[in-house]
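Please open the structure in a viewer with residue selection turned on. The tour below goes stop by stop, saying what to select and what is there.

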Amino acid sequence: MIDQPPPNEYSGRIHDLPSEERPRERLRDQGPGALSSHELLAILLRTGTRDEDVFTLSKRLLAMRRGLSGLAQTSFGELMQQHGLGPAKAAEVMAAMELGKRIASVPSDARTQVNSSADVVNLLLPEMMWLSRESLRVILLNTRNYVLGVREVYNGTVNSADVRVGEVFRDAVREDCKSVIVVHNHPSGDPTPSNEDVQVTGKLRDAGKLLDIELLDHVILARDGHVSLKERRQGFP
């Protein structure tokens, strides 16, 4: 699938963007899940050419190779034939694609297994504790509680009115997961659950039953600690 930017997305030079909208700064503040494929590729490429900015270059490469899957199968020689790519950039793109392949091929018994809220903390706290905005993520698990993936669903205020069940469980349904753990952060540093957090938990737990996907826990991460709503029996029977 070809990576398509939103209709109003900026396509000029990175340095012309306000600092908080630049890909590197957004990756730092919001996490890599907030960036499109061509923005991540632009970070790798760093610069464009005299007649093509790095955003346009990254979009062109993805379009010509029909998305990330095609780019991952591109040889060094084929990359070198693309205008704007020299040996260094071609090598960096190939190295990034190869790392992605190797991660995807890691045997399941070498992946992270989540059996407690402490495991969730070890998995996500280093990345999420310093975020300036709330981020709600879903840990996808197989039948043995090995992590199949982590998906960011919301970035911003997390409350029961805004959270849509379909979006939270979308990837779990698509990948036939039997259970999930929902995680979000409190930028204030205090992990104490709010009434909204408890309401969201109950709403998602009930929806999971209908979908035959068990919500194992809802964990709140913060600089001052973490809270498992399952352990506190908030939103859980």
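**Stop one: the largest pocket**

Select Pro32, Gly100, Ile103, Val150 and Arg151: these lie nearest the centre of the largest pocket, which is lined by 28 residues. A pocket here is found on a 1 Å grid over the protein atoms alone, as an open set of points where a 1.4 Å probe fits, with protein on both sides within 12 Å along at least five of seven lines; lining residues have an atom within 4 Å of a point. The elements giving two or more residues to this lining are helix H2 (37-45), helix H4 (68-72), H6, helix H7 (117-128) and strand E2 (147-155). Helices (H or I, at least four residues) and strands (E, at least two) are DSSP runs, numbered from the N terminus.

The model is predicted: local features need pLDDT of at least 70, side-chain atom pairs count only at pLDDT 80 or more, and totals for chains, interfaces and linings use all residues. Residues are numbered from 1 along each chain as its sequence is written, and side-chain values use heavy atoms, with hydrogens and water left out.

Colour E2 next, since the largest share of the lining of the largest pocket, 6 residues, comes from E2. How much space lies in the largest pocket? The value is about 1,200 Å³, a volume being the space filled by probe spheres set on grid points that are joined across faces, edges and corners. Coloured by class, the lining of this pocket shows 17 nonpolar, 6 polar and 5 charged residues. In this count Ala, Val, Leu, Ile, Met, Phe, Trp, Tyr, Cys and Pro are nonpolar, Asp, Glu, Lys and Arg are charged, and the others, Gly among them, are polar.

**Stop two: along helix H6**

Gly100 has its place in helix H6. Gly100 is partly exposed, with a relative accessible area of 37%. Buried means under 20% relative accessible area, exposed over 50%, and partly exposed in between (1.4 Å probe, protein chains only). Now add Ala72: the C-alpha atoms of Gly100 and Ala72 are separated by 8.7 Å, although the two residues are 28 residues apart along the chain.

Move to Glu92, which also lies in helix H6 and counts as partly exposed at 29% relative accessibility. Its C-alpha atom is separated by 7.9 Å from that of Leu45, 47 residues away along the chain.

Met94 is found in helix H6 (residues 87-104) as well, and is partly exposed at 32% relative accessible area. Select Phe76 and Met80 together with Met94 to see a nonpolar surface patch of about 230 Å². Such a patch is made of residues with over 30% relative accessible area and no salt bridge, nonpolar side chains (Val, Leu, Ile, Met, Phe, Trp, Tyr) being joined within 5 Å. The areas come from the Shrake-Rupley method with a 1.4 Å probe.

**Stop three: salt bridges**

How many salt bridges does a search of the whole structure find? The search finds 14, each being a side-chain nitrogen of Lys or Arg within 4 Å of a carboxyl oxygen of Asp or Glu.

Select Arg137 and Glu127, whose side chains meet in a salt bridge (2.7 Å, N to O). This pair links distant parts of the chain, with Glu127 in helix H7 and Arg137 in strand E1 (residues 135-141), 10 residues apart. Is Arg137 buried or exposed? Arg137 counts as buried at 5% relative accessibility, whereas Glu127, at 38%, counts as partly exposed.

Keep Arg137 and add Glu152: the two form a salt bridge, with the closest N and O atoms 3.8 Å apart. Here strand E2 holds Glu152 and strand E1 holds Arg137, 15 residues apart.

Then select Glu175 and Arg151, joined by a salt bridge of 2.6 Å, N to O. Glu175 lies in the loop between helix H8 (165-174) and strand E3 (179-185) and Arg151 in strand E2, so the pair ties together parts that are 24 residues apart in sequence. Adding Arg170, Asp171 and Arg174 to Arg151 and Glu175 shows one network, joined by salt bridges that share partners.

**Stop four: two positive phi values**

Most residues other than glycine have a negative phi. Asn145, in the loop between E1 and E2, has a positive phi near 65° and counts as buried at 19% relative accessibility. End at Arg233, in the segment after helix H10 (229-232), where phi is positive, near 55°. Arg233 is exposed, with a relative accessible area of 65%.

Terms used:
Patches are made of residues with over 30% relative accessible area and no salt bridge: like charges are joined within 9 Å, nonpolar side chains (Val, Leu, Ile, Met, Phe, Trp, Tyr) within 5 Å.
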